[in-house]
Amino acid sequence: MLKLFKFLKPYQISVATVLLFTFIETLGTLYVPTLTADIVNNGVTQGNIPYIIKTGVFMLLVAIFTAGTAVLNSRLSANISSGFARDIRKALFMKAQALSINDFHKIGTASMITRTTSDVTLIGQTTVMLMQMLLPAPVMAVAGLFLAFSKDKGIALIIVATMLIFLLIAALLGKKIIPLFKFIQIKMDNITRILREIIIGVRVIRAFNRENHEKNKIDTAVTDYAANSIRINKMIATLLPVVMLVINMGIISILWLGGRRVADGQMQVGDIMALIEYCSLILFFLIMGTMMFMYIPRAQACAERIDEVLSMTPEITDKSSNSHPRGDYAHIEFRNVSFRYSNAAEPILSNLSFESKSGEVTAIIGGTGSGKSTIANLIPRFFEIESGSILINGTNIRNFSQKELRDKIGFVPQKAFLFSGTIADNIRDGKANATQAEIEQAAQIAQADGFIRELKNGYQAYVAQGGNNLSGGQKQRLTIARALIRKPEIYIFDDSFSALDLKTDAMLRRALKKEIGRATVIMVAQRISTIMEADRILVLEDGIITGTGQHQELMQNCQVYRQIAASQLSEAELASS
Ligand SMILES: Nc1ncnc2c1ncn2[C@@H]1O[C@H](COP(=O)(O)OP(=O)(O)OP(=O)(O)O)[C@@H](O)[C@H]1O
């Protein structure tokens with residue numbers, strides 16, 4: 001947790017002010033019973049009304065001043081807490097942006113959400129509670145005991161004994177509660193993960209009537225969380241009456257010994273009142289401080305989870321500071337590339353070599369799981385290759401900054417993903433300063449203009465989260481338009497035409513051909529008809545290229561390609577190819 005305190009640096013002055021105010025507030029709180037004793041001893045028992053009024057007014061001023069510092073303290077603390085939490089969240093977000101997909105998988109999406117939301121909130125709250133509740137406890141104890149000893153040593157020792165009994169009980173209970181607090185965040189992660197899956201997969205759940213199964217899953221997770229919380233609350237609930245008993249025993253002892261002292265004429269009545277008040281205040285602040293000690297392990301667990309993300313070294317970093325400005329063409333070369341996913345035993349691609357020339361369409365076809373999407377994902381450097389090199393215009397992609405590299409690419413992912421907002425906003429994600437004319441032109445080439453204009457608000461029509469209010473084909477066309485608007489040097493279509501009907505597929509490819517110019521196109525596809533006209537087709541089988549050439553060459557030379565064609569084309573189409 002100490003590591004995260006560096007985020008408090010911008011709030012140094014505020015933190016110092018809170019500490020000072022807390023100190024003043026604590027002393028002010030202790031001064032009030034001292035004044036009460038004074039009023040009773042020198043005013044009430046003597047019948048000295050002017051003294052009562054004078055000291056009473058002074059006491060009122062002390063109380064108002066103490067309350068004022070408390071209000072200011074709360075406001076400052078709230079500001080520190082929210083600013084501190086905001087800064088940690090920003091840092092987490094920036095880190096998440098820098099992490100590779102592999103790095104991200106190590107943490108998990110649900111855990112990343114919990115860490116950025118509830119973990120940070122808890123750290124912010126705990127830090128402020130630490131300043132307001134834990135730090136005043138020793139000040140109160142030392143100052144309170146000092147005042148108590150100055151009034152009566154014997155009674156002060158009763159207060160010390162009461163404190164020790166309380167601390168013993170708190171230590172015994174803390175030993176049981178602290179591990180439970182640590183578990184709470186892990187259980188919260190579990191709830192977030194299940195909820196996220198249920199929300200995203202709601203259609204599948206309904207389609208397969210899995211509502212009860214999912215309900216049971218979330219019930220179990222929530223019940224588990226609740227059981228943990230109930231156990232904690234039960235223990236805290238036990239602590240409070242026991243502590244009250246200890247305090248009351250302390251007060252009774254003070255009254256007993258104080259009464260005898262008053263009877264012997266060694267002490268005044270007001271002093272008993274002050275001593276009881278000191279005892280109550282010390283114990284009250286100790287209770288609050290102890291509660292904090294129980295929260296600290298939970299905050300500590302959260303801090304460790306946050307620090308784990310913040311201290312991660314991204315797997316993919318920018319090495320070169322040389323700049324590689326955007327051009328208008330790209331020549332891609334895979335040279336003996338081998339790649340394996342971090343959790344996989346076997347490589348997915350082995351010694352893969354191919355070239356994709358400027359102005360040409362290179363298509364990749366092959367069975368499912370053969371590694372087509374993996375190749376598409378390696379060009380923007382979403383993953384790091386194991387050996388070999390990927391070159392763009394002769395430069396290793398590792399020598400580009402990730403931003404420069406990705407600026408060159410118009411990427412259309414296999415799973416069409418849109419953001420909530422308007423249709424125009426989504427296309428503009430490809431080029432932030434795109435004009436309406438550019439947006440419409442990109443949509444026309446992507447064969448999306450027609451359906452967009454039929455929507456009630458056209459380009460301003462609302463796209464729901466993930467594009468859930470659009471059809472699969474509509475979403476695909478918008479993701480294509482988003483890539484086209486960049487006018488990139490490299491187009492990567494990862495099975496991006498699969499949801500289009502054959503006619504739209506053909507029209508889109510025809511429009512694309514005119515648009516591409518000197519750019520390079522990598523087109524992953526399952527359908528032969530989509531790639532038949534490509535300048536070069538790579539046939540992939542288990543991460544190895546088993547055939548390269550144009551459609552007709554492959555029909556003659558490549559058995560795997562012939563088998564794919566035979567399974568998709570009609571007799572007439574096969575005969576004519
Ligand atoms: N993140 C990942 N971690 C581990 N293995 C993965 C990961 N992504 C893909 N794989 C594995 O890599 C292999 C190749 O996957 P890839 O997505 O490249 O295949 P593909 O040819 O595009 O398949 P499809 O046509 O079904 O989309 C598969 O066996 C897959 O299980």
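## Around the ligand

Start with Thr 374: an N or O atom in its side chain sits 2.5 Å from an oxygen atom of the ligand. Keep in mind that this is a predicted model. With the protein in place, 66% of the ligand's surface gets buried, out of the 630 Å² that the ligand exposes when taken alone.

Lys 372 joins in as well, with a side-chain N or O atom 2.8 Å from an oxygen atom of the ligand. Over at Tyr 341, the partner is a nitrogen atom of the ligand, and a polar side-chain atom of that tyrosine lies 3.5 Å from it.

## Who makes up the shell

Zooming out a bit, the ligand is surrounded by 13 residues. Lys 372 and Thr 374 turn up again among the closest, along with Ser 373, Gln 414 and Gln 526. Sorted by class, the shell comes out as 10 polar, 2 nonpolar and 1 charged residues.

## H4 and H5

Now for the helices. H4 covers residues 109-134 and H5 covers residues 136-151; their axes come within 5 Å and cross at roughly 5°. Angles under 35 degrees count as roughly parallel, so H4 is roughly parallel to H5.

Which residues of H4 and H5 meet? On the H4 side they are Met 131, Gln 132, Met 133 and Leu 134, and on the H5 side Pro 136, Ala 137 and Pro 138. The class split for this contact is 6 nonpolar, 1 polar and no charged residues.

## H6 and H8

Helix H6 (residues 153-200) packs against helix H8 (residues 211-263) at an angle of about 170°, and their axes are 9 Å apart. The cut-off for roughly antiparallel is an angle over 145 degrees, so H6 runs roughly antiparallel to H8. In the contact of H6 with H8, there are 32 nonpolar residues, plus 8 polar and 8 charged ones.

Definitions and conventions: Residues are numbered from 1 along each chain as its sequence is written. This is a predicted model: local features need pLDDT of at least 70, side-chain atom pairs count only at pLDDT 80 or more; totals for chains, interfaces and linings use all residues. Side-chain values use heavy atoms; hydrogens and water are left out. A residue is near a molecule or strand if one of its heavy atoms lies within 4 Å of it. A polar contact is a pair of N or O atoms within 3.5 Å; within protein, one must be able to donate a hydrogen and the other to accept it, and residues adjacent in sequence count only if both atoms are side-chain atoms. Accessible areas come from the Shrake-Rupley method with a 1.4 Å probe; for residues, only the protein chains shown count as cover. Ala, Val, Leu, Ile, Met, Phe, Trp, Tyr, Cys and Pro count as nonpolar, Asp, Glu, Lys and Arg as charged, and the others, Gly among them, as polar. Axes are lines fitted to C-alpha atoms, for helices over the stretch in contact, and angles run from 0 to 180 degrees between N-to-C directions. Helices (H or I, at least four residues) and strands (E, at least two) are DSSP runs, numbered from the N terminus. Angles under 35 degrees count as roughly parallel, over 145 as roughly antiparallel, 65 to 115 as roughly perpendicular and the rest as oblique. Contact means heavy atoms within 4.5 Å.
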